[in-house]
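Subject: The structure you asked about

Hello,

Here is the structure I promised to pass on. Have a look at it first, and then read on for what turned up in it.

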Amino acid sequence: MAAAQKGGSFLGDMGRKFSVGADAAGKGIKAQALKAEIMMKESQIKSIKQELGVAIYPSLEAGDQAETSRLFNEYKGKVDAINAEIAAKKMEVQELATPR
């Protein structure tokens, strides 16, 4: 009977170790996916800034401060929204890296 209990606890330990390992691997995969999403978001920001340059140039050339300001604020809002998404994803990555 004692041998059966030892065998059972051995299998239980192995199961727990496997579960911990699988959990760590899953967290690693999730973290990598989040990092890829962050890179895509950063690329979106670059594209938005390039679009801003094209959109704002005529108003800068004409000296139209009101239109320049309006366009800047419009595009800044888009960039700020994406930066908030990036910050949230970075927090998720950080939480995944924290051992529990």
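One term before we start: a polar contact is a pair of N or O atoms within 3.5 Å, and within protein one of them must be able to donate a hydrogen and the other to accept it. Please also keep in mind that this is a predicted model.

With that in hand, Lys-89 is a good place to begin. Its side chain makes a polar contact with the side chain of Glu-37, at 2.6 Å. The two side chains also meet in a salt bridge, with that 2.6 Å running from N to O. Glu-37 belongs to helix H1 (residues 2-62) and Lys-89 to helix H2 (residues 65-97), so the pair links distant parts of the chain, 52 residues apart.

Is Lys-89 buried or exposed? It counts as buried, because its relative accessibility is 15% and the cut-off for buried is under 20%. Glu-37, at 32%, counts as partly exposed. Leaving aside neighbours within four places in sequence, Lys-89 is in contact with Leu-34, Glu-37, Ile-38 and Lys-41.

Lys-41 has a salt bridge of its own: its side chain meets that of Glu-85 at 2.5 Å, N to O. Lys-41 lies in helix H1 and Glu-85 in helix H2, so this pair ties together parts that are 44 residues apart in sequence. Here too the lysine is buried, with a relative accessible area of 19%, while Glu-85 is partly exposed at 35%.

How many salt bridges does the structure hold? There are six. Another of them joins Glu-74 and Arg-70, whose closest N and O atoms are 2.9 Å apart. Both of these residues lie in helix H2, four residues apart, which is about one turn of the helix. Glu-74 is partly exposed, with a relative accessible area of 33%, and Arg-70 is also partly exposed, at 41%. The two take part in a network of salt bridges that links Glu-67, Arg-70, Glu-74 and Lys-78.

Lys-78 shows up once more, this time with an aromatic ring. It lies over the face of Tyr-75, at 4.5 Å from the ring centre. As for rings paired with each other, the structure holds zero aromatic pairs.

Tyr-75 also leads us to the nonpolar side of things. In soluble globular proteins, nonpolar side chains tend to be buried together. The largest nonpolar core in this model has 12 residues: Leu-34, Ile-38, Ile-45, Ile-48, Leu-52, Ile-56, Leu-71, Tyr-75, Val-79, Ile-82, Ile-86 and Val-93. Helices H1 and H2 each supply at least two residues of this core.

Which residues is Val-79 in contact with, leaving aside its neighbours within four places in sequence? They are Ile-45, Ile-48 and Lys-49. Two of the core members listed above, Leu-34 and Ile-38, are in contact with Lys-89.

Last comes Lys-46, which is found in helix H1. At 56% relative accessibility it counts as exposed, because the cut-off for exposed is over 50%. Its C-alpha atom is separated from that of Val-79 by 9.0 Å, and the two residues are 33 residues apart along the chain.

Happy browsing, and best wishes!

Technical notes:
Residues numbered from 1 in each chain as written. Predicted model: local features only at pLDDT ≥ 70, side-chain atom pairs only at ≥ 80, totals over all residues. Heavy atoms only, no water. Salt bridge = Lys/Arg side-chain N within 4 Å of Asp/Glu carboxyl O. Buried < 20%, exposed > 50% of the residue type's maximum accessible area, 1.4 Å probe, protein only. Core = buried A, V, L, I, M, F, W, Y, C linked by side-chain atoms within 4.5 Å. Contact = heavy atoms within 4.5 Å. Phe/Tyr/Trp six-rings, centres within 6.5 Å; stacked < 30°, edge-to-face > 60°. Lys NZ or Arg CZ within 6 Å of the ring centre and 35° of its normal.
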